[in-house]
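Me: I have a structure here and would like to go through some of the terms used for it. Could you take a look with me?

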Amino acid sequence: MLSKKVIENVLLAALSTGADFAEIFVEDRFSTNIDMVGGYVENSISGRDFGIGVRIFHGLNSVYAYTNNSEEDNLIKVAKEAALAIKSSKKDLVLNLMKSKVDNRHIVKIMPNKAEKARKVELLKRGYESAKSYDTLISQVTSNYFDEVQHVLIANTDGLMVEDRRIRTRFKIQSVASKDGETQIGYYGPGASMGFEFFDVIDVEEVGKEASRIAKTMILADYCPSGVMPVVIHNEFGGVLFHEACGHGLEATFVSKGTSVFAGKLGEQVASPLVTAIDDGTLPNEWGSLNVDDEGTPTQRNVLIENGILKSYLIDKLNGKRMGMESTGSGRRQSYKFPPTSRMNNTFIANGNSTFEEIISNTERGLFAKKLGGGSVNPATGEFNFAVMEGYLIENGEITKPVRGATLIGTGIKVLENIDMVGNNQTFGQGVCGSLSGMVPTNVGQPTIRIKALTVGGRKGDE
């Protein structure tokens with residue numbers, strides 16, 4: 001992508017004013033994004049995005065610059081201009097870049113660009129038709145196909161030089177159900193670190209049916225009662241609650257500045273003894289996996305909470321310096337236009353010993369949140385609120401009628417403490433997570449869990 005000699009010259013230019021460390025990130029990305037609305041292709045974009053980012057450390061301060069001009073003279077100019085922010089004594093340094101071999105865990109059988117666009121559109125049509133024909137209540141269907149191939153080269157003044165290739169494919173459908181002037185949305189969007197063979201693993205027609213099933217169920221549902229009650233959160237995308245309410249607070253981005261509720265609590269009990277939480281970037285072909293992070297550090301399995309005890313944070317290189325801790329392979333960025341920071345990969349609550357049936361039958365009355373939607377969280381306090389996309393009442397230990405309009409309100413720490421049953425059916429759901437270093441693909445996951453008491457927002461009149 002760039003010659004070793006050019007990389008060395010750029011890194012030396014970055015150190016020209018006395019910096020401690022310099023890094024170059026080269027990215028070459030090819031992507032396809034196709035949107036279908038109402039059975040017709042509304043948007044179809046295939047393109048290439050190429051660029052180079054240069055990052056410089058001096059003490060605990062960082063400078064970042066980027067360009068899409070890969071000429072050596074321009075790269076040296078960009079590096080020197082960035083280095084002007086550093087005022088120190090120039091150090092003598094001999095660079096010895098040693099190229100590292102990357103162990104690829106994500107085997108791809110069919111490169112996405114080997115599949116014709118017509119085949120991708122045909123998948124969208126099949127998904128659309130399945131979703132639209134599910135029921136007459138379905139008024140609108142939007143489907144999306146996405147794939148990308150990203151080549152990266154990362155080198156730094158510690159002697160690191162590594163290249164990697166990341167391939168991802170995703171298929172999403174959103175259905176809208178309408179009745180009596182009201183609408184409800186259903187959504188399903190599986191994805192993986194796979195090529196076009198991903199469509200041998202998923203059935204796009206089933207994706208469409210699932211999105212429409214949720215929308216239809218919710219448009220026919222009564223409104224959810226409000227109050228404090230036991231809440232059972234299902235597996236798969238139910239893990240977004242832990243991801244948002246707790247996972248971000250475990251990122252060194254916030255911990256290093258003391259703005260996380262988890263700061264300074266290593267070794268302390270922060271959750272129920274039933275809770276073990278993990279972030280694992282090594283899982284083969286999973287949506288949030290990487291061979292190496294965006295700083296060139298191999299990803300790893302990070303046990304964050306073990307039997308309720310806080311064991312680890314998610315740490316990138318710069319925040320690791322601030323904390324006096326090593327990187328956990330968690331430095332991620334959306335593209336060359338962003339400096340990396342600590343982020344999640346595949347974050348999940350590990351399996352427990354209860355079955356789904358046991359959790360439901362042991363809940364006298366409460367809410368079953370089968371699918372969660374969007375939400376917001378304050379990492380400093382852990383306070384959150386989440387919409388329930390698909391919910392049901394639990395009455396006398398059985399799932400009864402569907403309810404809509406439910407919102408889960410609470411704090412991450414309190415939720416962790418109040419988990420009193422953990423299922424054995426852990427699965428993942430896919431998402432795209434936003435933070436300081438942009439939008440990155442992440443998996444969220446968990447088995448079915450029960451929170452013994454959680455505030456549910458709904459309608460008081462429906463209690």
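Reply: Gladly! This is a predicted model, and a good place to begin is Arg 55, which forms a salt bridge with Glu 23, their closest N and O atoms being 3.1 Å apart. The pair links distant parts of the chain, 32 residues apart: Arg 55 lies in strand S2 (residues 40-58) and Glu 23 in strand S1 (residues 21-37).

Me: Why is the pair of Arg 55 and Glu 23 called a salt bridge?

Reply: The term asks for a side-chain nitrogen of Lys or Arg within 4 Å of a carboxyl oxygen of Asp or Glu. Arg 55 and Glu 23 come to 3.1 Å, N to O, so the pair qualifies. Glu 23 also meets the side chain of Arg 333 in a salt bridge, at 3.1 Å from N to O. The whole structure holds 26 salt bridges.

Me: How do you know which domains Glu 23 and Arg 333 belong to?

Reply: Set the numbers against the bounds: domain 1 covers 4-31 + 45-99, domain 2 covers 112-150 + 166-221, and domain 3 covers 227-457. Glu 23 falls in domain 1 and Arg 333 in domain 3. Between domain 1 and domain 3 the count is two salt bridges.

Me: What makes domain 1 and domain 3 partners in a contact?

Reply: Contact means heavy atoms within 4.5 Å. The centres of domain 1 and domain 3, over C-alpha atoms, are 35 Å apart, and the contact takes 20 residues from domain 1 and 14 residues from domain 3. The two domains bury about 1,400 Å² between them, with 59% of it on carbon and sulfur atoms.

Me: What makes the lining of the largest cavity mostly nonpolar?

Reply: Its residues divide into eight nonpolar, one polar and no charged. Leu, Phe, Cys, Ile and Val count as nonpolar, whereas Gln counts as polar. Among the lining residues are Leu 241, Phe 242, Cys 246 and Gln 446, so Gln 446 is the polar one. Helix H5 gives the largest share, three residues. The volume of this cavity is about 50 Å³.

Conventions:
Residues are numbered from 1 along each chain as its sequence is written. This is a predicted model: local features need pLDDT of at least 70, side-chain atom pairs count only at pLDDT 80 or more; totals for chains, interfaces and linings use all residues. Side-chain values use heavy atoms; hydrogens and water are left out. On a 1 Å grid over the protein atoms alone, a cavity is a set of points where a 1.4 Å probe fits but cannot get out, and a pocket is an open set with protein on both sides within 12 Å along at least five of seven lines; lining residues have an atom within 4 Å of a point. Grid points are joined across faces, edges and corners, and a volume is the space filled by probe spheres set on the points. Helices (H or I, at least four residues) and strands (E, at least two) are DSSP runs, numbered from the N terminus. Domain bounds come from an automatic or database domain assignment. Buried area is the accessible area (1.4 Å probe) that two parts lose on being put together, summed over both.
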